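Hello,

Here is the structure I promised to pass on. Please open it first, then read my notes below.

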Amino acid sequence: MTAHFVDQLDALQRRSLRMASLVEDILQEACEAVFDHDDALCRRVVARDEDVDREEVAVESEVIRLLALYQPVGSDLRLLCTVLKVNNDLERIADCAVNIAERARHLDIHAVIPDQNDLSQMVPIVRHMLRYAAQTFGSHTAVDVDRLFKEEDAVDAFYQQIIRRIVADAVKAPANMASYLDVLSIAKNLERIADHATNIVEDVMFLATGEIVRHRHWQT
Amino acid sequence: MVDVAESPPALRREIPRVVVTPLASRPPREEQGDMTSSAVITAEKLTIRYGSFPAVRAVCLEIPPRQVTAIIGPSGCGKSTLLRSMNRMNDFVPSASVEGTLLYGGQNVYGPGYDAVELRRRIGMVFQKPNPFPKSIFKNVAWGPLINGYTGNIEDLVEATLQRAALWDEVKDKLHESAYALSGGQQQRLCIARAIAMQPEVLLMDEPCSALDPIATTRIEDLIDQLKDRYTVILVTHNMQQAARVSDRTAFMYMGELIEVGVTHAMFTKPTNQRTQDYITGRFG
């Protein structure tokens, strides 16, 4: 394979990593918007999602172009497949962040849930999982995946706890139902982001080993 | 009846008479037993030298039945030498010598007294450059069986063979025209027909598409896919994409050594050896 192809492969991965960084920023802003009730920040998240959408299309087009022109095999083929899948997961994460920001626009969370312990603990875990996924994608290796498992379990546990809490509070104060549903939606989107982050790490495992490890427990 | 006296003087020698079983009487594949569990050809620590130069070094390789096995590697890695050793074509190279064993039908083909002529009937070969006889299309296919004592209906054999080589429809109305009037791709399919007319078990193909245009190459590749229903095919190619397209198993050679062999899709998605990975991704070779 020509050096030209290798250069294009490297450029594509750098572009994909920049997209991952952009998505991390968007998630951070969306989460801040929830607790700060910052409408300007919400609108900024929605606007930046358009950048993510454009990058998703551009990266996908580039993957298809490289597949067609160079018929790569081995680790080059696995890299392109991984970029394609990670690209999709990142775009979904950005969509989830937009959903969070849109809920945050008309939610005063401090008024609805004075004690947001579960949600405020969930957010940094989810952000760390996305950070870890991006680092894994950049290095093509996954270390300390046990921590990822534990974080995924913790996010699921917090999400279930939030559901129970919301159900209990909604019975007591049905007038706040709309706000409770917003909180539930935010928690659900955070849980989805955690799933997408796990998907990215599984895709990197495929890149590194050639083994598809989705839908089952894999050993470190 | 074809007059075998037409054959060139060099070939008019004592050829053992072999009864060629008419194709129609061959038991169907299912009745021949499960052949997937035993190798057709087995190379055991096979070393082939040209003089003192080891072109093939201690290769151990099993060829499974009725599959296409591709041998890939950079120029000079020994893949054609290995291929030619399977039907003892290297016998015609004065400086060639062989160590180790090459088993076919459980027998070492390099053992004392082994009939190399019979071997070459059972293991046919197709070369890089199409090389039909300077005869008619019909005689190209019929000559081998007739000179080996074929007693069945030769016209039927020729038709069935040309059908199997995906050439019949293109030549049925001009069987007695010169083979040289055919295109390159047609000539190569005629050479394949000539080889399979002898009802071999194995077909060796040494870069059969190198001299052909892309469309003719596609026709040959489609034919190879059909041939493996009846024959074991071993294909040497320097075109990795071709190996990926047509083969079931791929063996990678480098500097005379067999580096890695495995199921083709695994070889091209997750090779286990770094040199294989580097070769298939074009990092060297």
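Let me start in chain B. β3(B) and β8(B) pair in the parallel sense over four bridges. Two strands count as paired if DSSP finds at least two bridges between them. Helices (H or I, at least four residues) and strands (E, at least two) are DSSP runs, numbered from the N terminus. B:Val68 has B:Val233 in β8(B) as its bridge partner.

A word on the model and its labels. This is a predicted model: local features need pLDDT of at least 70, and side-chain atom pairs count only at pLDDT 80 or more, while totals for chains, interfaces and linings use all residues. Residues are numbered from 1 along each chain as its sequence is written, and chains are lettered from A and ligands numbered from 1 in the order in which they are written.

**The six-stranded sheet of chain B**

β3(B) also pairs with strand β9 (residues 249–254) of chain B, again in the parallel sense and over four bridges. There, B:Thr69 is matched with B:Arg249 in β9(B).

Is strand β3 of chain B buried or exposed? Five of its five residues (68–72) are buried, so β3(B) is largely enclosed by the rest of the structure. Buried means that 20 or more other C-beta atoms lie within 10 Å of the residue's own; exposed means 12 or fewer, and partly exposed is in between, with C-beta atoms placed from the backbone. B:Val68, B:Ala70 and B:Ile72 point one way from β3(B), and B:Thr69 and B:Ile71 point the other way. In a regular strand the side chains alternate between the two faces of the sheet.

The full sheet is open and has six strands. Their order is β6-β7-β8-β3-β9-β10 (chain B), with mixed pairing. β6 (123–126) and β10 (257–263) of chain B stand at the edges with a single partner strand each, so one side of each has no neighbour in the sheet. On average, neighbouring strands here are turned by 20° against each other, direction ignored.

Strand β7 (residues 202–206) of chain B runs parallel to strand β8 (residues 232–236) of chain B, and five bridges join them. B:Met205 has B:Leu235 in β8(B) as its bridge partner. Helix α6 (residues 184–196) of chain B packs on the sheet and touches β6 and β7 of chain B. Its direction makes about 170° with that of β6(B). Axes are lines fitted to C-alpha atoms, for helices over the stretch in contact, and angles run from 0 to 180 degrees between N-to-C directions. Contact means that the C-beta atoms of two residues, placed from the backbone, lie within 7 Å.

**The four-stranded sheet of chain B**

A further open sheet has four strands in the order β2-β1-β4-β5 (chain B), with antiparallel pairing. β2 and β5 (107–108) of chain B are at the edges with a single partner strand each, so one side of each is left without a neighbour in the sheet.

Seven bridges join strand β1 (residues 41–50) of chain B to strand β2 (residues 53–63) of chain B. In that pair, B:Arg49 has B:Pro54 as its bridge partner. The two strands form a hairpin with two residues between them. In the turn, B:Gly51 has a positive phi of about 70°. β1(B) also pairs with strand β4 (residues 96–104) of chain B over eight bridges, in the antiparallel sense. B:Tyr50 stands opposite B:Ala96 in β4(B).

Chain B as a whole has ten helices and ten strands. Of its 285 residues, 41% count as buried.

**Helices of chain A**

How do α1 and α5 of chain A lie? Helix α1 (residues 3–36) of chain A and helix α5 (residues 117–139) of chain A have axes that come within 10 Å and cross at roughly 175°. They are therefore roughly antiparallel to each other, a term for angles over 145 degrees; under 35 is roughly parallel, 65 to 115 roughly perpendicular and the rest oblique. The contact includes A:Leu17 and A:Ala20 of α1(A), and A:Val123 and A:Arg127 of α5(A).

Helix α6 (residues 145–172) of chain A has 28 residues. Its buried residues include A:Leu148, A:Phe158 and A:Ile166. The buried residues of α6(A) pack against α5 and α7 (177–209) of chain A.

**Where the chains meet**

The contact takes ten residues from chain A and ten residues from chain B.

Best wishes

Methods
The expected span of a helix is 1.5 Å times one less than its number of residues.
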